[in-house]
Amino acid sequence: MTAIKHALQRDIFTPNDERLLSIVNVCKAGKKKRNCFLCATVTTERPVQVNVVKVKKSDKGDFYKRQTAWALRDLAVVDAKDAVKESPEFDLHFDKVYKWVASSTVEKNTFISCIWKLNQRYLRKKIDFINVSSQLLEESVPSGENQSVAGGDEEAVDEYQELNAREEQDIEIMMEGCEYAIANAEAFAEKLSRELQVLDGANIQSIMASEKQVNILMKLLDEALKEVDQIELKLSSYEEMLQSVKEQMDQISESNHLIHLSNTNNVKLLSEIEFLVNHMDLAKGHIKALQEGDLTSSRGIEACTNAADALLQCMNVALRPGHDMLHAVKQQQQRFSDLREQFARRLASHLNSVFVQQGHDQSSTLAQHSAELTLPNHHPFHRDLLRYAKLMEWLKNTDYGKYEGLTKNYMDYLSRLYEREIKDFFEVAKIKMTGTTREGKKFATLPRKESAVKQETESLHGSSGKLTGSTSSLNKLSVQSSGNRRSQSSSLLDMGNMSASDLDVADRTKFDKIFEQVLSELEPLCLAEQDFIKLETNLVFPMHSLFSQNEVEEMDGVALSRSYTSAVPQTVSSEKDMIRQMMTKIFRCIEPELNNLIALGDKIDSFNSLYMLVKMSHHVWTAQNVDPASFLSTTLGNVLVTVKRNFDKCISNQMKQMDEVKISKKSKVGILPFVAEFEEFAALAESIFRNAERRGDLDKAYIKLIRAVFDSVEKVANESQKTPRDVVMMENFHHIFATLSRLKISCLEAEKKEAKQKYTDHLQSYVIYSLGQPLEKLNHFFEGVEARVAQGIREEEVSYQLAFNKQELRKVIKEYPGKEVKKGLDNLYKKVDKHLCEEENLLQVVWHSMQDEFIRQYKHFEGLIARCYPGSGITMEFTIQDILDYCSSIAQSH
């Protein structure tokens with residue numbers, strides 16, 4: 001409580017110039033609300049105002065706020081409830097009565113005592129303290145204006161300055177020397193005056209003595225000045241003697257300076273000559289390597305690399321001012337330039353030949369992968385090209401034009417090679433997805449002529465070759481196959497796709513494996529090429545040198561993330577941006593092919609969008625963890641958007657089918673098709689999305705679907721003519737509740753409870769409606785009895801009414817013998833059996849509820865007979881046990 005009191009004083013009352021004197025933790029009597037504090041406060045300014053303040057903790061945080069304040073002068077009565085027995089309750093009468101319950105009796109007593117003291121101290125008014133112990137009020141009324149209350153707020157009347165230890169010790173010594181000081185103050189003061197006069201005389205004598213010493217000091221200073229004048233005269237004579245020596249030394253110094261300057265110039269000249277010889281002389285071995293070096297062997301490549309580095313060092317040497325004007329330096333620079341141009345041309349030609357040769361070798365292995373769902377491995381190609389990495393860097397630094405052309409050729413070559421490989425790869429994937437046609441014929445791969453491959457690789461230098469052939473024929477076959485396999489049922493998934501019942505679990509698992517294999521093959525291919533580009537280029541290139549403006553806009557619009565399309569940069573600001581742009585141009589066919597494959601999978605079975613969403617989300621998540629801005633991450637992210645749209649479209653189609661469902665008017669409804677299909681969808685989705693990253697998307701879809709199912713069940717139940725509305729609602733919501741209970745979908749807990757409630761309500765409604773009043777005349781008779789009782793007639797006097805006497809009651813009871821009751825129950829059982837469907841098996845549940853309702857009516861009639869016709873001996877012609885036997889017999893016979 002002390003900590004709370006301190007916090008309230010600091011945060012609430014100190015800013016308002018108030019002082020907190022007492023506090024009590026209370027809550028309102030008779031209500032379960034949050035606790036608050038009543039505080040007794042006084043202002044620090046005069047005139048003093050006394051208040052009772054209610055403070056409450058804020059709902060938005062752990063700080064307190066001032067809620068209500070009452071002036072103490074408005075307080076009329078303080079009621080402590082009980083003066084003898086301890087009780088935490090008390091009342092404060094302001095403009096109305098406020099009833100409080102303190103957290104403890106001690107706090108309540110302390111607070112009331114403080115109120116009493118404040119009243120006595122500041123107000124002097126009549127406040128009634130009732131049911132308050134006399135011990136709390138036994139303190140006498142304070143006398144005087146400066147009396148303290150609960151610690152007091154008085155100010156000191158006199159201010160004084162406390163003596164320090166030194167002053168205190170001096171006074172004690174002086175007092176000991178004058179023992180009579182306390183008894184005779186005048187004598188003590190006279191003595192102090194005499195001693196002060198003695199001290200003043202001593203000070204005057206000291207001043208007079210110091211004047212003699214000053215005169216002596218002045219004499220000494222005069223003597224010192226005379227000595228200084230003599231020394232200055234001697235120094236002047238010495239300076240005149242040295243003037244002639246200075247002139248001779250200046251002549252010697254000038255002669256030495258000329259000699260030193262000559263030597264310095266000779267050293268500098270030698271240094272310049274050594275610098276030019278050492279830094280601008282290229283070894284004969286390096287010159288031979290640049291002119292005739294073997295660029296096919298590892299040793300030759302190493303020699304050419306060392307020679308190229310040496311040539312670059314010679315060409316980039318920082319010449320000193322004036323060197324470039326020397327004829328020999330100009331001649332050597334021209335020679336280096338010719339060597340550089342010759343080697344750059346030879347290197348670019350050789351690397352273009354390497355690209356062509358590698359294209360031939362890669363094309364020869366392409367046929368091996370045409371029938372398999374695998375992509376060729378480019379690692380050997382990358383490994384061979386990495387040997388030229390340092391030479392590529394040298395070419396970039398020395399001849400950027402050739403380096404730019406070589407890089408363009410490399411990207412043009414790779415884009416065509418990868419496009420051919422990836423399209424063939426996706427053709428195989430589509431064939432494996434579609435399987436066979438209705439006639440049982442397998443799809444065949446589309447063979448590529450070797451001459452076309454050769455033509456593409458040989459057109460590398462011109463960068464004008466394009467891939468031949470297309471996947472249009474395969475796409476047509478795939479669409480035709482998917483169209484042949486579509487179901488014509490009126491189920492939930494009949495929107496141009498196959499229904500879930502026409503495609504078994506094995507087919508879906510096969511699709512899932514194929515889609516996963518496609519992504520697993522693409523990822524290492526892209527990552528390997530990206531790693532190679534990092535090692536090979538390893539530098540930043542201007543955007544306009546590698547891509548035209550149209551190409552940049554195309555890449556940004558097709559393959560790059562949407563966040564990069566706001567403004568197309570003129571230059572690439574980082575190596576990652578450049579690598580991503582290069583990857584986009586090389587693998588520009590990946591995203592369209594993936595979208596085509598996704599469209600095919602969605603046509604085969606709309607439920608495939610669930611598999612694709614989970615797989616694609618996982619691969620996007622993995623790629624983003626490695627590098628969120630990479631080409632692979634961006635491309636898969638764009639494709640994921642398409643997959644998510646297909647998933648949303650699948651959900652929307654299901655909801656649309658629910659709205660358009662039609663039921664037969666001649667047959668009973670039973671379990672609605674979309675209810676069963678929601679169960680199938682939920683079971684499949686739970687198996688697919690277990691531990692998936694995009695679980696939130698499925699939960700949102702669940703909410704939309706289940707609400708649509710609920711609304712559609714209501715709609716069908718209202719339109720049903722053959723089956724009663726309550727039966728449609730009861731059976732379908734029972735099925736929904738059973739499905740949600742079995743699958744345990746956490747986000748649908750509220751819908752599960754709602755389904756159970758709807759099932760229970762409509763079961764009760766159907767039972768009451770179908771059972772009705774099996775003992776109709778008896779029911780009408782007792783309704784009249786209850787009406788008379790409601791009019792004021794006593795229950796035991798009802799039998800004296802002419803229309804409700806005992807003879808009339810016996811007459812009505814005789815019309816319902818046990819045989820007739822059993823016959824009526826048997827007809828009711830047959831009626832219920834016609835309404836209910838066999839799939840949900842609720843007949844026994846409904847029949848048992850009807851039995852309970854019938855027994856309830858029976859007991860109600862017996863109770864009325866016992867109260868209104870006491871001692872008459874009138875009873876029903878059948879008992880509760882008979883009802884149980886009738887119901888059991890009817891159920892067993894059917």
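## Aromatic rings

There are 19 aromatic pairs in this structure, which is a predicted model. To describe a pair of aromatic rings, you give the distance of the centres and the angle of the planes. Take Tyr98 and Trp100: their rings sit 6.4 Å apart, centre to centre, with 10° between the planes, and that pair is stacked. Tyr98 and Trp100 are both buried. They also belong to a cluster, where ring pairs link them with Trp70 and Phe94.

Now look at Phe425 and Phe426, which sit next to each other in the numbering. Their ring centres are 5.6 Å apart and their planes are at 80°; planes over 60 degrees apart count as edge-to-face, so that is what this pair is. Are these two residues buried or exposed? Phe425 has a relative accessibility of 2%, so it counts as buried. Phe426 is buried as well, with a relative accessible area of 0%.

## Cysteines

How many disulfides does the structure hold? Zero. A disulfide, remember, is a covalent bond between the sulfur atoms of two cysteines. Cys27 is a handy example: the nearest cysteine sulfur belongs to Cys36 and is 7.7 Å away, and Cys27 is in no disulfide. The two sulfur atoms would have to be within 2.5 Å to count.

Another cysteine to find is Cys650. Its relative accessible area is 2%, and buried means under 20%, so Cys650 is buried.

## Helices α22 and α23

Helix α22 covers residues 725–743 and helix α23 covers residues 749–771. Their axes come within 8 Å and cross at roughly 150°. Angles over 145 degrees count as roughly antiparallel, so α22 is roughly antiparallel to α23. The crossing of these two helices is left-handed.

Which residues meet here? On the α22 side they include Met729, Met730, Phe733, Phe737 and Leu740. On the α23 side, Ala755, Tyr759, His762, Leu763 and Tyr766 are among them.

## Helices α27 and α28

Further along the chain, helix α27 (residues 843–868) packs against helix α28 (residues 880–893). The angle is about 160° and the axes are 10 Å apart. With that angle, α27 and α28 are therefore roughly antiparallel to each other. Their crossing is right-handed.

The residues of α27 that meet α28 include Trp847, Phe854, Ile855 and Tyr858. From α28, the contacts include Ile883, Leu884, Cys887 and Ile890.

Technical notes: Residues numbered from 1 in each chain as written. Predicted model: local features only at pLDDT ≥ 70, side-chain atom pairs only at ≥ 80, totals over all residues. Heavy atoms only, no water. Buried < 20%, exposed > 50% of the residue type's maximum accessible area, 1.4 Å probe, protein only. Phe/Tyr/Trp six-rings, centres within 6.5 Å; stacked < 30°, edge-to-face > 60°. Axes fitted to C-alpha atoms, helices over the stretch in contact; angles between N-to-C directions. Helix = DSSP H or I, 4+ residues; strand = E, 2+ residues; numbered from the N terminus. Parallel < 35°, antiparallel > 145°, perpendicular 65-115°, else oblique. Left-handed = near helix turned anticlockwise from the far one by under 90°. Contact = heavy atoms within 4.5 Å.
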